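Hi everyone, thanks for making the time. I'd like to walk you through a structure, so please have the sequence and the model open while I talk.

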Amino acid sequence: MRWDNLVEKNSTAGNSALFAADAVTTRTFDTPEFRGITFHEIRARSILNRVPGASRMPFEWTVNPYRGCTHACVYCFARKTHSYLDLDTGIGFDSQIVVKTNAAELLQRELASRHWRGEHIAMGTNVDCYQRAEGKYRLMPGIISALRDRANPFSILTKGTLILRDLDLLRRAAEVAEVGVSVSVGFTDRELWRTVEPGTPAPERRLDVVRALTDAGIGCSVLMAPVIPFLGDRPEQLRATVAAIADAGATSVTPLVLHLRPGAREWYLHWLGQHHPRLVERYERMYAGGAYAPTWYQRRITRQVHELADAYGIGPAHRGEARRISPAPSEPAATPESGPTQLTLL
């Protein structure tokens, strides 16, 4: 495994073999929650990542405390990143998790640099920072605290319910900086969920997170992603999903059609051939032009979701706009102001 681009400069990396690097500690835990999962603990060189200029993302900086993800979403676009470490992008991505154990202390140092200008930082845009590993390693409290201490704006996108553990920290961070929170719920179809997102909390549990954040006075947007062609895009499926999102109290909903980058594309098509072989040819035609579905299809889905959102009283999030979480009240909570609020993410 190639660790050289991850380990601290003063670490002894040894050769490229998986277990030879002195900077890496590999652990397994024989508990039901982590059975079959291997954790590679490293002390990383840096934690702030600049997003490539050609990216479609509406932000320039990210923090990713983990590589690999136990959510095991078959479509995850981040699968390709495991190949950089000579790890498998299929089962390996789901079960070989790289943990940057020094993420919080690195972030404190990098935010304090005279070169850092306090730009917005997005989290959960590569792999989920609230995946199951976070329950063991607890990296996010230190990361949020570092951002709060520097009054640095940030946003979090997650499928994990563990974010509620850090609710108080988020509220304190929001007293001094712009903070955005979004939950990813692409569909509410339980059969589809069990097969394409087997390691995630159920869609209704994620919507419970939206509801809990809203009840706590923290507006939460929903990224309706991915909308999966031919499996999750029927009008009745879109309507059921948007209705559930509205019922959870989401401030806005933004649809995103499935995209299949190299690494994810091969794994997803393999899964599709096993579970829905009749659709393989249709997918090959739809994605013949690259990683993204045709523009006409994306526009159709976006229009349908926005019309449904309007009907249910929620509006689409505008790309690139930040939303401020209301600070925790010192007096008994007043009724939150009405009206749509926007998010920094997708």
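I'll go through the sheet and its helices, then a smaller group of strands, then the aromatic rings, and end with the cysteines. Before anything else, please keep in mind that this is a predicted model.

Let's start with the sheet. There are seven strands in it, and it is open, with the order β3-β4-β7-β8-β9-β10-β11 and mixed pairing. Which strands stand at the edges? They are β3, residues 48–50, and β11, residues 253–257; each has a single partner strand, so one side of each has no neighbour in the sheet. From one strand to the next, the twist averages 25 degrees.

If you zoom in on the β3 edge, you'll find β3 and β4 (residues 61–63) running antiparallel, joined by three bridges. A handy place to look is N49, which has T62 of β4 opposite.

Two helices are worth pointing out here. Helix α8, residues 203–215, packs on the sheet and touches β9 (179–184) and β10 (221–227). The direction of α8 makes about 150 degrees with that of β9. Then there is helix α12, residues 295–311, which also packs on the sheet, touching β10 and β11. Between the directions of α12 and β11 the angle is about 160 degrees.

Now for the smaller group of strands, with β6 as our guide. Is β6 mostly covered or mostly open? Covered: in this strand, residues 96–100, five of the five residues are buried. Q96, V98 and K100 point one way, I97 and V99 point the other way, and all are buried. So who pairs with β6? Strand β2, residues 38–42, does so in the parallel sense, over five bridges, and there T38 has Q96 as its bridge partner. Strand β5, residues 66–67, pairs with β6 in the antiparallel sense over two bridges, with R67 partnered by V98.

On to the aromatics. How many aromatic pairs does a search of the whole structure find? The count is ten. In one of them, the ring centres of F34 and F39 are 5.4 Å apart and the planes are at 80 degrees, so this pair is edge-to-face. Both F34 and F39 are buried.

Another pair is W296 with Y297: the centres are 5.8 Å apart and the planes at 90 degrees, so this one is edge-to-face too. I like the contrast in burial here, since W296 is exposed at 56% relative accessible area, while Y297 is buried at 1%.

There is also an aromatic cluster made up of F230, Y268, W271, Y283 and Y287. Look at F230 in that cluster: R282 lies over the face of its ring, 3.8 Å from the ring centre.

Last, the cysteines. How many disulfides does the search find? Zero, over the whole structure. C69, for example, is in no disulfide, and its nearest cysteine sulfur, in C76, is 6.4 Å away. C69 counts as buried, because its relative accessibility is 5%. For C76, the closest cysteine sulfur belongs to C73, at 6.3 Å, which is too far for a bond. C76 also counts as buried, at 14% relative accessibility.

That's my tour, and I'm happy to take questions.

Technical notes: Residues are numbered from 1 along each chain as its sequence is written. This is a predicted model: local features need pLDDT of at least 70, side-chain atom pairs count only at pLDDT 80 or more; totals for chains, interfaces and linings use all residues. Side-chain values use heavy atoms; hydrogens and water are left out. Two strands pair if DSSP finds at least two bridges between them. Helices (H or I, at least four residues) and strands (E, at least two) are DSSP runs, numbered from the N terminus. Axes are lines fitted to C-alpha atoms, for helices over the stretch in contact, and angles run from 0 to 180 degrees between N-to-C directions. Contact means heavy atoms within 4.5 Å. Rings of Phe, Tyr and Trp (its six-membered ring) pair if their centres lie within 6.5 Å; planes under 30 degrees apart count as stacked, over 60 as edge-to-face and the rest as tilted. Buried means under 20% relative accessible area, exposed over 50%, partly exposed in between (1.4 Å probe, protein chains only). A charge sits over a ring if NZ of Lys or CZ of Arg is within 6 Å of the ring centre and within 35 degrees of the ring normal. A disulfide is a pair of cysteine sulfur atoms within 2.5 Å.
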